[in-house]
Number of protein chains: 2
Amino acid sequence: MTDQPRFNRARNPKHATQDAAAIDAILDAGLVGHVGFVAEGRPMVMPMAYARGPGCIWLHGASKARIVKLADGAALSMTVTLLDGIVAARSGFHHSVNYRSAVVHGTGRLVTDAAEHDAALQAITEHLLPGRHAEIRAMTAQERKATGVIALTVEAASAKMRSGPPVDDPADHGLGLWAGVVPVVTALGRAIPDSHTPAGLAEPPSIARARARFAR
Amino acid sequence: MTDQPRFNRARNPKHATQDAAAIDAILDAGLVGHVGFVAEGRPMVMPMAYARGPGCIWLHGASKARIVKLADGAALSMTVTLLDGIVAARSGFHHSVNYRSAVVHGTGRLVTDAAEHDAALQAITEHLLPGRHAEIRAMTAQERKATGVIALTVEAASAKMRSGPPVDDPADHGLGLWAGVVPVVTALGRAIPDSHTPAGLAEPPSIARARARFAR
């Protein structure tokens, strides 16, 4: 994960790519992005919900939130990381994690167009729960006004991933030690309705769709 | 998650704290941190393995990696986010996620002391798999030299979290809609030994210890 050097790079199970489909697949599979911005010279990293828009990533926050106020015209980035496993090697040096990570770099733009603002908020809800938009009540004018939307215009994007077993030094293979991968599994559990949900009302289809996303 | 405003703050299920025990609990439960730094004026966010040290967070990378070269004396931050659930409300506006997130701000220091360097690398392996250090072969001089360690000296830290059901507008409670929480569950799956592991060798105790961390 941290780019530890390997003495034999030919055996390196890591992979970097700028392939758009690979990047989009990671962005679509993640639920939370870590958004980077600079405030008073310091690196800020904030977990945020997001959605992919045309040539951009949509983010939202309270209209008065610092990130929303700072973002217009500012350099922004977002990293989405999916952790797939712990890689247990025969030396500390070769311990690692299996993961898929996408990084997007660009510039923030405060969304002021009403149609784009609505599309972004809808997309962010749909990213959490596909199809949810059609299951709930419409947004009010007051809610629109209270929510700031930032488009992170994508100027560069890349993905990095590691998969597969540990890459031990061949001399260590005969040590008689256990080495391998411990998968990290993420799934959606049984949904818990709140106290205002009518008794016996079935889970809406959006939850089943969200659940399917984690099955791979 | 994105600090959407709520019209009735008294019902806000979000919580921010600077309590050290709460922050440490999140750092101990996470496996990957998102490390922020500024490079050529741009906000960089990198997923990295880490461990808690005395008054610092230890990070490691290849000695020649950009983050290792830039970190000494630089402003750094690290955010660790644990996603606990998707919060499905009766309006798009009140959709949210349940999460626990810790943020650490400070300054990078390249670790040159041999004892601290060793302690940091051991702690990072132990953070992935508690007890693993005693199960594997010792580090070599060549490996030590190839691995750079950065201490992020903690100058400020805080945690934010959200838990519990959606907070809908009371007027929406009677809409007859399903609303509630879909838990996001993360666990370790069945460990997969590599082809050099002796047949029938049991999983080492470190894996059981790592597994226990996810049971809550």
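**Buried cysteines, helix α1 and the largest pocket**

In this predicted model, A:Cys56 has a relative accessibility of 5% and therefore counts as buried, the cut-off for that class being under 20%. B:Cys56 likewise counts as buried, with a relative accessibility of 5%. A disulfide is a covalent bond between the sulfur atoms of two cysteines. A search of the whole structure, taken over all chains, finds zero disulfides.

In chain A, helix α1 spans residues 20-29, and its buried residues are A:Ile23, A:Ile26 and A:Leu27. When α1(A) is viewed down its axis, these buried residues fall within an arc of 100°, so that they line one face of the helix.

The largest pocket has a volume of about 1100 Å³. Its lining is made up of 36 residues, of which A:Leu83, A:Val184, A:Thr186, B:Leu83 and B:Thr186 are the closest to the pocket centre. The elements that contribute two or more residues to this lining are, in chain A, β6 (75-88), β9 (180-188) and α5 (205-214), together with β6 (75-88), β9 (180-188) and α5 (205-214) of chain B. The largest share of the lining, six residues, is provided by β6(B). With regard to residue character, the lining of the largest pocket divides into 19 nonpolar residues, nine polar residues and eight charged residues.

Methods
Residues numbered from 1 in each chain as written. Chains lettered and ligands numbered in written order. Predicted model: local features only at pLDDT ≥ 70, side-chain atom pairs only at ≥ 80, totals over all residues. Heavy atoms only, no water. Buried < 20%, exposed > 50% of the residue type's maximum accessible area, 1.4 Å probe, protein only. Helix = DSSP H or I, 4+ residues; strand = E, 2+ residues; numbered from the N terminus. Arc of directions from axis to C-beta. Disulfide = S-S within 2.5 Å. 1 Å grid on protein atoms, 1.4 Å probe; cavity = no way out; pocket = protein on both sides within 12 Å on 5 of 7 lines; lining within 4 Å. Points joined across faces, edges and corners; volume = space filled by probe spheres on them. Nonpolar A, V, L, I, M, F, W, Y, C, P; charged D, E, K, R; others polar.
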